[in-house]
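User: Could you take a close look at the aromatic ring pairs in this one, and then walk me through whatever sits around them?

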Amino acid sequence: MADAELQTFTSIMDALVRISSNMKSIERELRCPVCEEMVKQPIVLPCMHSVCVLCAAEVLVQRGYPPPELPPEPNTPTSSPITRSPRQTRRPPPKTDRLDRVIRTVCGTHPGRRRKDTPPVIMLFPCPTCGKDVELGERGLTDCLRNLTLERIVERYRHTVSLGSMAIMCQFCKPPQALEATKGCADCRSNFCNECFKLYHPWGTPRAQHEHIMPTHSFRPKVLVCVEHEQERLQFYCRSCQNLLCPLCKLRRAHSGHKIMPIALAYQTLKEKITKEMNYVFANQDSVQAQITQVESGIAQTEVNSAVAKEQSNQCVSELRSVLVERQGVLAMLLEGARAQRAGALNAQLSEKQSLLENAGLLTYTQELLKETDQSCFVQAARVTHNRLVKAIENLHHFSLSADPSFRHFQMDVSRELKALSSMDFIQAPLAPVIDTQKTLAYDQLYLCWRLPQDSAPAWHYSVEYLRKVGGAGALWGRVLSEGSSGSNGTHCSWQRLDDVGGTSAVIDKLEMDSVYILRVRGCNKAGFGEYSEEVYLHTPPAPVLSFCLDSRWGLHAERVALGKGQTYARSVPGMTLLQAADRALTSCDLTSDLLVADVSITQGRHYWACTVEPGSYLVKVGVGVEAKLQEWFHLPQDMASPRYDPDSGHDSVAEDAQDCPPFCFLTMGMGKILLPKCGASNTSAGPLTAPLPPRLGLCLDFEKGRLTFYDAHSLRVLWEGTVDCSAPVCPAFCFIGGGALQLQELIANRSTEQNPPRRVTIQTRATDADH
């Protein structure tokens with residue numbers, strides 16, 4: 001029996017020690033970031049971080065804001081008032097009106113007093129946790145609610161870690177007979193022993209309904225109430241602005257259209273999320289421990305690598321110092337050589353000038369020479385002296401030093417070197433690249449082009465990452481808005497990467513059709529990888545890309561239409577025919593046209609292609625048509641103003657529409673606009689619409705369904721859908737009326753390879769093959 005009791009006692013003590021250890025481990029979460037001590041009367045800032053109300057007020061005063069009225073410090077065992085015993089004096093409980101009033105004013109638990117009519121001051125509080133200036137509003141700390149939950153956790157923590165320490169004494173027992181407090185009253189804000197609590201809370205009185213709590217030195221309000229409306233409890237939560245609301249705040253116009261839920265639902269939802277997240281963390285303790293090991297290893301590697309980097313930095317500076325010393329010796333030798341050369345020249349000039357003095361050698365020698373009487377000997381010896389005297393006289397008239405003593409050419413300009421040395425720093429990783437959205441496109445492959453900012457460090461190579469977005473745009477936005485989730489949008493899609501990309505462009509192939517891909521790129525050098533660029537979204541074509549060239553043998557007028565190299569570019573120039581047709585403009589609408597078709601025909605499947613029409617073109621028609629009908633239409637030209645031969649409609653009448661599909665399907669564009677025909681019987685009263693001409697026009701033909709869809713090729717936005725007769729082979733076609741130009745979209749796969757020679761395929765051969 002004794003062994004069982006000992007075992008039970010041991011298990012209880014182990015549980016208490018474990019609970020005490022768990023409580024002590026959260027001490028860091030309970031510290032105020034300003035005073036770094038246990039929080040006292042914490043308030044919640046708009047950034048959702050908590051600080052002591054006294055610390056917050058002190059910070060605001062240091063920033064020059066007027067000091068608010070603060071509540072007194074929480075009671076301590078040494079400062080708690082101890083009154084006479086209620087059994088002797090029956091003294092009423094202490095009054096707490098002033099404390100309530102102050103706490104309501106400062107902490108915003110209850111409505112505060114009205115401020116005087118002064119200009120509103122927007123207070124900014126520097127949150128030490130997030131490092132941002134948080135706007136408190138005109139009323140400052142009054143709008144900040146007290147964090148009652150944190151206070152309760154702190155109280156439980158204090159009670160756990162203070163087991164066996166000084167107990168909280170009853171405030172109404174007379175010493176030295178004061179008993180230990182067993183209960184606290186949240187309404188009276190006092191601690192009582194059992195006898196005093198019964199005495200001051202007799203049955204059948206309103207005080208018997210007071211809420212009793214554990215003994216404490218810091219009493220808190222029972223519930224949170226609105227800071228603007230008296231005694232209105234916060235019963236709603238606004239998801240849009242993430243604020244607690246009372247029933248009156250809910251009716252304000254500021255919250256109209258917001259997502260507001262009852263506080264009970266918000267409580268249950270948030271509690272379930274936190275519980276799931278906590279359970280997830282508990283279930284992945286091995287991963288947490290592994291990551292802790294990695295962090296510890298990273299700390300050790302940081303110390304080692306920092307020492308290595310410091311040694312390398314010292315070595316680089318030493319090398320610079322040695323190079324400077326070596327270069328200093330070379331420059332000193334050059335300077336010494338120039339000094340010796342100039343000093344020798346000046347000394348020679350000095351000797352020559354000194355010889356011109358009255359008693360110097362040259363004049364004395366000349367005087368002796370003039371004493372010579374032998375004429376032939378005099379002439380022989382005097383010629384050299386004459387030359388020396390002539391030169392000396394000339395130097396007297398035009399004197400200059402034989403060498404420049406200023407050494408102006410030996411001055412050094414080290415401003416560039418000093419600037420380079422002063423800006424000498426460790427290698428920086430490249431900045432985030434800027435993606436060129438004009439050149440980046442999705443066609444048969446993805447082509448991504450970028451550049452580095454001007455002030456960026458150079459990159460040795462780049463890493464291109466791409467991700468297929470699953471679930472549409474809504475899934476992506478859901479992932480962005482659901483903060484705190486596991487980081488997944490419902491599907492586990494990982495980024496795929498192209499490493500060691502040498503240039504500033506990359507080609508990505510083997511992609512799925514009709515999908516949206518997210519792309520980003522970052523540079524790398526000796527300092528490591530830099531930041532990612534902004535993510536761009538590219539939509540792949542809805543069908544396989546059809547590659548073709550223009551076949552000009554159908555009615556090509558060389559004086560009006562010219563094809564470029566590779567037969568993917570065509571330009572139409574108005575000639576004399578159109579000029580002559582303008583003379584009959586008042587009596588006829590007969591215009592000349594030039595038709596270009598593709599050198600391939602389509603007999604099955606879905607196909608996509610794109611082209612660019614020059615905005616300055618007069619009229620250009622882009623679409624598809626049945627080969628035989630196109631040939632008949634072109635070789636038997638009719639009045640192009642007649643609706644029976646309008647390629648946009650492709651049929652004779654509305655009655656014919658109901659029986660079969662038209663043999664043509666075209667869109668007309670020109671002068672920077674595109675004409676979108678009316679579609680459907682419901683829009684019979686509405687006329688055609690015009691829209692700006694997109695930079696690139698995409699077309700997708702579904703042969704089996706006989707449907708042609710026109711897209712804005714840049715965003716793959718559908719412009720218009722039409723039907724076409726696909727009972728026979730059809731081919732892409734282009735028609736010029738007046739001046740214009742168009743360019744077929746080049747395959748990305750062909751950009752790095754040589755163009756193949758133009759293909760020559762006749763319509764008759766294609767039609768014959770299709771029949772077979």
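Analyst: Here is the aromatic part, followed by the cysteines, one helix and the confidence.

This is a predicted model, where local features need pLDDT of at least 70, side-chain atom pairs count only at pLDDT 80 or more, and totals for chains, interfaces and linings use all residues. Residues are numbered from 1 along each chain as its sequence is written, and side-chain values use heavy atoms, with hydrogens and water left out.

On to the rings. Phe, Tyr and Trp rings (the six-membered one for Trp) pair if their centres lie within 6.5 Å; planes under 30 degrees apart are stacked, over 60 edge-to-face, and the rest tilted. That rule gives 10 aromatic pairs. One of them joins Phe 192 and Phe 197: the centres are 5.9 Å apart and the planes sit at 75°, so it's edge-to-face. Both of these Phe residues are buried, where buried means under 20% relative accessible area, exposed over 50%, and partly exposed in between (1.4 Å probe, protein chains only). Ring pairs also bring in Tyr 200, making a cluster of Phe 192, Phe 197 and Tyr 200.

Another pair is Tyr 608 with Tyr 711, edge-to-face because the planes are at 65°, with centres 6.3 Å apart. Tyr 608 belongs to strand 24 (residues 606-613) and Tyr 711 to strand 30 (residues 707-712), so this pair ties together parts 103 residues apart in sequence. Helices (H or I, at least four residues) and strands (E, at least two) are DSSP runs, numbered from the N terminus. Both tyrosines are buried.

Now the cysteines. There are zero disulfides, a disulfide being two cysteine sulfur atoms within 2.5 Å. Cys 127 is in none, its nearest cysteine sulfur being that of Cys 47, 3.5 Å away. Cys 127 is buried, at 2% relative accessible area. For Cys 196, the closest cysteine sulfur is in Cys 193, at 3.4 Å, too far for a bond. Cys 196 is buried as well, at 0% relative accessibility.

As for the helix, helix 11 (residues 375-397) bends by about 40° at Ala 382, the bend being the angle between axes fitted to the seven residues ending there and the seven starting there. Its buried residues are Ala 382, Thr 385 and Ala 392, and they pack against helix 10 (361-370).

Finally, confidence: pLDDT is the predictor's confidence in each residue, from 0 to 100. The protein chain averages 76, and 73% of the residues score at least 70. Residues 71-116 fall below 50, with 112 contacts beyond near neighbours in sequence, contact meaning heavy atoms within 4.5 Å.
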